Amino acid sequence: MYQRLFFLILTVVIICSLPLTARADTYPVSCEDQEFFQIERHNLVEQQLTTATSGQIPLTDTKIIDSLKTVYRHAFVHPELHRYAYQNRPLPIGFGQTISQPYIVGLMTELLKPRAEHRALEIGTGSGYQAAILAELVETVYSIEIIPELAKQAQTALDACGYDNVKIKTADGYYGWEEYAPYDLIILTAAASHIAPPLIEQLSKDGRMIIPVGPPYEVQTLMLVEKTADGSIRQRSIMPVRFVPFLRDDD
Ligand code: SAH
């Protein structure tokens, strides 16, 4: 009898402590800052993202550094994770997906060289955080997310924080977003086995695309793809990375 009760309690404890990846609910967001977050955000940027700690190339673009100091990363994660929001690491956002590490968000954004008049396409809205960073820097961000609940939650957070220059749709981003193409910048935040031809097509001349390419659940290569003024394509590998896999509608 006691043994059964023990196992019942143990099961309940295990279920309740499952990471947020197991949650299927969306939640309200109030986009408010607090002194604790302010200090943590400042320390994250000053001590980890812009210095050569742990061998990483420091971020140097002041506009991008400012956007990392401005965007409330805590608003893009579940309230239970707020206290970890300004650590330089990925965090679960549900459905087996993660919000990327702030350093990687900053680095990918720097490689895109965003300008105020640019229109950007993001594949993999996830939490909406990368979209918010881009929204600080470009005219409009078009972002595609394959998991409807994440698209909805990201929209809630972006609305709460006042980002009205981000347009989200739920779809398989493999095909890009034809309606608003071409894009000056394209960013993929999930690892694909190859660069989807529709995305190359939807990149404007002189456009830049940043994409993790490689096998799922292993180390991939962050690639920078540039389309020159005459329409030819140049590719360059930047560094090894680990991203969640690019999903297809039939996965
Ligand atoms: N940019 C996000 C990172 C999210 S992780 C952020 O700042 O939080 C990658 C996201 O890509 C996941 O939400 C995943 O659901 C989404 N994704 C994976 N495959 C996709 C596809 N084919 N089309 C659109 N989104 C996709």
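**Exercise 1. The largest pocket**

Task: Find which residues lie nearest the centre of the largest pocket, then describe its lining.

Solution.
Step 1. Start with the centre. In this predicted model, Thr 98, Thr 189, Ala 190, Phe 243 and Val 244 lie nearest the centre of the largest pocket. They belong to a lining of 36 residues.
Step 2. Assign the lining to elements. Two or more residues each come from strand 2 (97–99), helix 4 (102–112), strand 3 (119–123), helix 5 (129–137), strand 4 (140–145) and strand 9 (233–241). Strand 2 gives the most, with three residues.
Step 3. Sort by class. The lining holds 20 nonpolar, twelve polar and four charged residues.
Step 4. Add the volume. The space in the largest pocket comes to about 500 Å³.

**Exercise 2. The largest cavity**

Task: State how many cavities of 30 Å³ or more the model has, and describe the lining of the largest cavity.

Solution.
Step 1. Count. There is one cavity of 30 Å³ or more. The volume of the largest cavity is about 200 Å³.
Step 2. Locate the centre. Asp 25, Tyr 27, Ile 93, Leu 150 and Gln 153 are the closest to it, out of 20 lining residues.
Step 3. Name the contributors. Strand 1 (91–94) and helix 6 (148–160) each supply at least two residues of this lining. Helix 6 has the largest share, four residues.
Step 4. Sort by class. Eleven of the lining residues are nonpolar, six polar and three charged.

**Exercise 3. The open sheet**

Task: Give the strand order of the open sheet and identify its edge strands.

Solution.
Step 1. Read the order. The seven strands run 5-4-3-6-7-8-9, and the pairing is mixed.
Step 2. Find the edges. Strand 5 (166–170) and strand 9 each pair on one side only, and these are the edge strands.
Step 3. Take the twist. From one strand to the next it averages 15°.
Step 4. Place a helix on the sheet. Helix 4 lies across strand 6 (183–188), strand 7, strand 8 and strand 9. Its direction makes an angle of about 155° with strand 7.

**Exercise 4. Strand 8 and its two partners**

Task: Trace the pairing of strand 8 with strand 7 and with strand 9, then explain why strand 8 counts as largely enclosed.

Solution.
Step 1. Take the strand 7 side. Strand 7 (residues 203–213) pairs with strand 8 in the antiparallel sense, over six bridges. Arg 208 has Glu 226 of strand 8 as its bridge partner. Val 213 stands opposite Thr 221 in strand 8.
Step 2. Inspect the hairpin of strand 7 and strand 8. Six residues lie between the strands, and Gly 214 takes a positive phi near 155°.
Step 3. Take the strand 9 side. Strand 8 and strand 9 run antiparallel and are joined by eight bridges. The partner of Leu 222 in strand 9 is Met 239.
Step 4. Inspect the hairpin of strand 8 and strand 9. Here five residues lie between the strands, and the positive phi, near 90°, belongs to Gly 231.
Step 5. Draw the conclusion. Strand 8 (residues 220–227) has seven of its eight residues buried, so the rest of the structure largely encloses it.

**Exercise 5. Helix 2 against helix 3**

Task: Describe how the axes of helix 2 and helix 3 cross, and list the residues that make the contact.

Solution.
Step 1. Set the geometry. The axes of helix 2 (residues 35–49) and helix 3 (residues 62–70) come within 8 Å. They cross at roughly 145°.
Step 2. List the residues. Helix 2 contributes Arg 41, Val 45, Glu 46 and Leu 49, while helix 3 contributes Ile 65, Leu 68 and Lys 69.
Step 3. Sort by class. The contact has four nonpolar, no polar and three charged residues.

**Exercise 6. Burial, from one helix to the chain**

Task: Explain why helix 5 counts as largely enclosed, then give the percentage of the protein chain that counts as buried.

Solution.
Step 1. Apply the cut-off. Buried means under 20% relative accessible area. In helix 5 that covers Tyr 129, Gln 130, Ala 131, Ala 132, Ile 133, Leu 134, Ala 135 and Leu 137.
Step 2. Conclude. Eight of the nine residues of helix 5 are buried, so this helix is largely enclosed by the rest of the structure.
Step 3. Widen the view. The protein chain has seven helices and nine strands. Of its 251 residues, 49% count as buried.
Step 4. Check the contacts. Among those with a separation of 6 or more, 56% join residues 24 or more positions apart.

Key. Residues are numbered from 1 along each chain as its sequence is written. This is a predicted model: local features need pLDDT of at least 70, side-chain atom pairs count only at pLDDT 80 or more; totals for chains, interfaces and linings use all residues. Side-chain values use heavy atoms; hydrogens and water are left out. On a 1 Å grid over the protein atoms alone, a cavity is a set of points where a 1.4 Å probe fits but cannot get out, and a pocket is an open set with protein on both sides within 12 Å along at least five of seven lines; lining residues have an atom within 4 Å of a point. Grid points are joined across faces, edges and corners, and a volume is the space filled by probe spheres set on the points. Ala, Val, Leu, Ile, Met, Phe, Trp, Tyr, Cys and Pro count as nonpolar, Asp, Glu, Lys and Arg as charged, and the others, Gly among them, as polar. Axes are lines fitted to C-alpha atoms, for helices over the stretch in contact, and angles run from 0 to 180 degrees between N-to-C directions. Contact means heavy atoms within 4.5 Å. Buried means under 20% relative accessible area, exposed over 50%, partly exposed in between (1.4 Å probe, protein chains only). Two strands pair if DSSP finds at least two bridges between them.
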